[in-house]
Amino acid sequence: QVQIVESGGGLVQPGGSLRLSCAASGASGSIFRIYGKGWYRQAPGKQRELVAGISTVGSTYYADSVKDRFTISADNNNNMLYLQMNSLKPDDTAVYYCNIRSGAGADYWGKGTLVTVSS
């Protein structure tokens, strides 16, 4: 079973940047490469939403709210997933979760990392 740990969250002022990291253990790089991967977030009182995703062939998806500000990337050799967040807004405040989906449809989640955007 894949174990997920997110890191990189914290307090940042509006307009600032953060890079979130997701480390996956229990899978080889060759296996990690064929998993779908994404970042979700959940703000208080709101449903969890998909922020950015990357497919097994490297194509990316971004929610309209973060398009042109966030960038998702993967290091398949080291089982790492990243989310570069620029031009952060207070509405970006949320707990961010890393999700890994196997070809069989099994989802693996981390505990989340809190991002707070405030002046």
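Strands are DSSP runs of E, at least two residues in length, numbered from the N terminus. The exercises below concern a predicted model.

**Exercise 1. Determine where Thr 56 is placed and whether Thr 56 is buried, partly exposed or exposed.**

Solution. Step one is to locate the residue among the strands: Thr 56 falls in the loop that runs between β5 (49–54) and β6 (60–62). Step two is to take its relative accessible area, which is 42%. Buried requires under 20% and exposed over 50%; Thr 56 is therefore partly exposed. Step three relates the loop residue to Ala 94: the two are 38 residues apart in sequence, and their C-alpha atoms are 26 Å apart in space.

**Exercise 2. Find how many disulfides the structure holds, and describe the link.**

Solution. A search of the whole structure yields 1 disulfide. Its partners are Cys 22 and Cys 98, with an S to S distance of 2.0 Å, and the cut-off for such a pair is 2.5 Å. The next step places the partners along the chain: Cys 22 belongs to strand β3 (residues 18–25) and Cys 98 to strand β9 (residues 94–101), so that the pair, 76 residues apart, links distant parts of the chain. The angle about the S-S bond is -75 degrees, and the link is left-handed. Finally, both Cys 22 and Cys 98 are buried.

**Exercise 3. Classify the geometry of the aromatic pair formed by Tyr 40 and Trp 109, and describe the surroundings of Trp 109.**

Solution. The count of aromatic pairs is 1. The ring centres of Tyr 40 and Trp 109 are 5.0 Å apart, and the planes meet at 65 degrees. Because planes over 60 degrees apart count as edge-to-face, the pair is edge-to-face. Tyr 40 lies in strand β4 (residues 36–42) and Trp 109 in strand β10 (residues 107–109); with these positions 69 residues apart, the pair links distant parts of the chain. Trp 109 has 35% relative accessibility and so counts as partly exposed. Arg 48 lies over the face of Trp 109, at 4.8 Å from the ring centre. Elsewhere, Lys 37 lies over the face of Phe 32, at 4.6 Å from the ring centre.

**Exercise 4. Characterise the lining of the largest pocket by residue class.**

Solution. The largest pocket holds about 160 Å³ of space. Its lining includes Arg 41, Lys 46, Glu 49, Asp 91 and Asp 92, together with Gln 42, Ser 65 and Ala 94 among others. Divided by class, the lining residues give 5 charged, 4 polar and 2 nonpolar.

Terms used: Residues are numbered from 1 along each chain as its sequence is written. This is a predicted model: local features need pLDDT of at least 70, side-chain atom pairs count only at pLDDT 80 or more; totals for chains, interfaces and linings use all residues. Side-chain values use heavy atoms; hydrogens and water are left out. Helices (H or I, at least four residues) and strands (E, at least two) are DSSP runs, numbered from the N terminus. Buried means under 20% relative accessible area, exposed over 50%, partly exposed in between (1.4 Å probe, protein chains only). Rings of Phe, Tyr and Trp (its six-membered ring) pair if their centres lie within 6.5 Å; planes under 30 degrees apart count as stacked, over 60 as edge-to-face and the rest as tilted. A charge sits over a ring if NZ of Lys or CZ of Arg is within 6 Å of the ring centre and within 35 degrees of the ring normal. On a 1 Å grid over the protein atoms alone, a cavity is a set of points where a 1.4 Å probe fits but cannot get out, and a pocket is an open set with protein on both sides within 12 Å along at least five of seven lines; lining residues have an atom within 4 Å of a point. Grid points are joined across faces, edges and corners, and a volume is the space filled by probe spheres set on the points. Ala, Val, Leu, Ile, Met, Phe, Trp, Tyr, Cys and Pro count as nonpolar, Asp, Glu, Lys and Arg as charged, and the others, Gly among them, as polar.
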